[in-house]
Structures are given as structure tokens and as C-alpha cells.
2 protein chains.
Amino acid sequence: MAKKKHELTEAEWAIVKAVWDNEPCAAPTVQEVLEKQKGWAYSTVKTMMDRMVSKGLLKTERIRNLILYRSDVTKKEAQKGEVMRAVKRAFDGALTPMMQFMLDSGELSKKQLGELESMIKNRKAKAKK
Amino acid sequence: MAKKKHELTEAEWAIVKAVWDNEPCAAPTVQEVLEKQKGWAYSTVKTMMDRMVSKGLLKTERIRNLILYRSDVTKKEAQKGEVMRAVKRAFDGALTPMMQFMLDSGELSKKQLGELESMIKNRKAKAKK
DNA sequence: TTGCAATCTCTACAAATGTAGAGTAGTCTC
DNA sequence: GAGACTACTCTACATTTGTAGAGATTGCAA
């Protein structure tokens with residue numbers, strides 16, 4: 001089975017995050033969360049969730065007439081899909097130039113840079129093995 | 001004037017890259033590039049390019065009946081738009097977790113890690129000032 | 001049993017995005 | 001001038017994504 005591509009739309013992100021935070025949960029639960037964040041109506045949310053089921057992003061379990069939703073894409077999978085899409089589009093698939101771009105953005109504090117440096121050292125040590 | 005948000009669609013990326021590589025250029029030039037890459041017909045490309053003009057991503061200059069296109073978004077602006085969209089969607093707007101995620105991806109060689117480490121040190125030194 | 005709340009289903013529409021063919025217009029060469 | 005070539009214009013359609021109201025169904029409490 002081919003590796004599934006997880007490239008979520010803006011609305012799908014909002015929904016899957018709400019599901020991650022509440023799963024297993026019913027559609028009205030997700031709708032309440034997104035009513036506050038986006039002002040979405042129940043039928044909006046339900047429609048999109050059912051589409052996400054069709055797309056393999058969510059899965060359902062029926063208990064009597066209640067439908068419980070669970071995510072079928074992990075947070076890491078979704079994040080990877082988003083990151084790799086950005087890398088592919090904006091940096092022709094090259095991870096390092098994108099990291100350099102982010103470092104050059106000037107939005108990282110000295111502390112954050114220090115943390116990243118430590119992480120890189122750890123990474124290098126492991127890569128040495 | 002508010003800062004424009006540059007979040008390009010998949011097709012827009014393909015087109016703007018071709019324009020960057022050839023500007024100023026006419027639509028048929030872009031189409032030839034994308035015919036090879038995507039199999040797109042002239043009218044497909046022209047339509048999308050004109051929509052991009054409406055969206056402020058490209059601009060035109062008419063010389064007799066020939067229309068020359070130029071990008072109205074720089075590579076850096078477009079890259080920033082893509083990166084920040086990914087950060088916002090997948091990491092709730094936090095740059096550092098995304099960089100950590102990328103470091104954890106295991107796709108960087110020891111050499112690349114070393115280069116990044118050097119860059120971070122430079123960045124830290126500058127941030128100290 | 002009835003009424004109400006909760007949830008689901010059905011259906012619809014709009015905008016954005018992707019895709020393209022047919023027709024028109026201008027220029028250049030013969 | 002005619003024809004060929006190049007580029008533009010006009011128009012259309014499909015899919016995807018976003019958005020939602022109205023109606024139907026089920027379960028529980030009174």
C-alpha cells in the first residue's frame with residue numbers, strides 16, 4: 001500500500017485539531033469548538049468531517065445512532081505532510097535551504113537559537129554512529 | 001498599505017517559478033515550460049496567469065498586442081508565505097517547534113547539520129549585539 | 001404517548017481552483 | 001492581398017473546498 005499523502009486544507013486542519021483534542025467524539029462536540037473559533041454551523045462541520053472520512057483523514061464508529069469520530073492521521077503525519085508540501089513548493093524539495101531561510105528570518109531569539117544548536121549537536125552525535 | 005499575504009496555490013507556484021526564470025516574458029513562453037512539466041494547454045496557463053494578475057501576484061506590460069508578464073511577488077516573499085502558512089497550520093504559529101520537527105525528521109546529513117550549526121552560531125553572535 | 005433535545009441526513013449554493021477548446025486579431029512573408 | 005503563424009480573447013466546464021438551512025430520526029423525560 002502506497003504511503004498516503006497528508007496534505008490538509010485550512011478547514012481540515014481546524015477540524016482535525018479539534019478531533020485530536022477530543023477523540024473519540026461526536027460531530028456536535030467538534031462543532032462547538034469551531035463555532036467559537038470560526039463561527040461554523042453544525043452542517044458545515046458535519047459535511048466537512050464526512051468528506052474527511054471519505055478522504056481517509058477521519059474514521060467513524062457508530063454506536064446506535066451516535067457517530068464517534070477518530071483521527072486517521074496522526075499529528076506527526078499531518079505536520080510532515082504540511083512541511084514537505086512547503087519544502088517541495090518553495091524550496092524545490094530541499095530541506096536545508098528551508099531551514100536556512102527560517103534561520104535568516106530573524107524571528108528566533110538567542111535562547112531559541114541556543115536550544116536549536118544543542119539539538120543539532122545531539123543530532124550530529126547520533127549521526128556519527 | 002497592509003502587508004500582502006502571499007499564499008500561492010500549487011498551480012500558482014508552478015507558474016510563478018516559470019515567470020521568475022524568464023521574466024519579462026509572454027504567456028506562450030510560460031506555457032512551453034509548463035507543457036513539459038505539467039502538460040498544460042496554452043489557455044489553461046493564460047487563464048491562470050490572468051487570475052494571478054488580478055490577485056496581485058503578476059503584473060503586465062503591453063507592447064502593441066504582446067503582453068509581457070513580470071512577477072509582482074519576490075521569491076523570498078512567496079517562500080515566506082508558504083513557510084508561515086505551514087508554521088501556522090501545523091505548529092500553531094511557533095517557528096521553533098517546526099525547526100525541531102525538521103531536525104527530528106532524520107533527513108539531514110552530518111554535513112548539513114554542521115552547516116546549520118555554523119549558521120546558528122553566526123546568528124547567535126549577531127543576536128548578541 | 002407526547003414533546004423536546006440532540007444528532008443525523010439531504011440538499012443546495014457559492015467561490016476558488018484547475019483545465020481547455022473555439023474563435024478573433026495582428027503581424028509577417030510570399 | 002492572402003495565408004500562415006503567433007498570441008490573445010471569450011467562453012465553458014469540472015472538481016474541490018467552503019458554507020449552511022431544512023427536514024428527518026432517535027432517545028429520553030415528563
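## A hairpin in chain B

Strand β1 (residues 58-63) and strand β2 (residues 66-71) of chain B pair in the antiparallel sense over six bridges. Pairing here requires that DSSP finds at least two bridges between the strands. Helices (H or I, at least four residues) and strands (E, at least two) are DSSP runs, numbered from the N terminus. L58(B) stands opposite S71(B) of β2(B). Two residues separate β1(B) and β2(B) in this hairpin. In the turn, R64(B) has a positive phi of about 55°.

## About the model

This is a predicted model, in which local features need pLDDT of at least 70, side-chain atom pairs count only at pLDDT 80 or more, and totals for chains, interfaces and linings use all residues. Residues are numbered from 1 along each chain as its sequence is written, chains are lettered from A and ligands numbered from 1 in the order in which they are written, and side-chain values use heavy atoms, with hydrogens and water left out.

## DNA strand C

There are 22 residues around DNA strand C, and Y42(A), W40(B), S43(B), T47(B) and R51(B) come nearest. A residue is near a strand or molecule if one of its heavy atoms lies within 4 Å of it. Sugar and phosphate account for 58% of the atoms of DNA strand C within 4 Å of the protein.

Which parts of DNA strand C do the side chains of Y42(A), T47(B) and K55(B) approach? An N or O atom in the side chain of Y42(A) is 2.6 Å from a phosphate oxygen. For K55(B), the distance from a side-chain N or O atom to a phosphate oxygen is 2.9 Å. T47(B) places a polar side-chain atom 2.7 Å from a base nitrogen. Helix α3(B) gives the largest share of the surface near this strand, five residues. By class, that surface has nine nonpolar, seven polar and six charged residues. Ala, Val, Leu, Ile, Met, Phe, Trp, Tyr, Cys and Pro count as nonpolar, Asp, Glu, Lys and Arg as charged, and the others, Gly among them, as polar.

## DNA strand D

Of the 20 residues around DNA strand D, W40(A), S43(A), T47(A), R51(A) and Y42(B) come nearest. Sugar or phosphate supplies 56% of the strand's atoms within 4 Å of the protein, and bases the rest.

Side-chain N or O atoms of T9(A) and K55(A) each have a phosphate oxygen of DNA strand D at 3.0 Å. A polar backbone atom of A41(A) is 3.3 Å from a phosphate oxygen. Five residues, the largest share of the surface near DNA strand D, come from α3(A).

## Where chains A and B meet

Each chain gives 42 residues to the contact, meaning heavy atoms within 4.5 Å. The two chains bury about 4700 Å² between them, 67% of it on carbon and sulfur atoms. Buried area is the accessible area (1.4 Å probe) that two parts lose on being put together, summed over both. In chain A, R89(A), M99(A) and M102(A) lose the most area to chain B, together 16% of what that side buries.

Nine salt bridges join chain A and chain B. A salt bridge is a side-chain nitrogen of Lys or Arg within 4 Å of a carboxyl oxygen of Asp or Glu. One of them links D92(A) to K17(B), with the closest N and O atoms 2.9 Å apart.

## Salt bridges overall

Over all chains, the structure holds 23 salt bridges. In chain A, E7(A) and K88(A) meet in one, at 3.5 Å from N to O. This pair links distant parts of the chain, 81 residues apart. E7(A) is in the segment before α1, and K88(A) is in helix α4.

Notes:
Polar contact = N/O pair within 3.5 Å; in protein donor to acceptor, adjacent residues only side chain to side chain.
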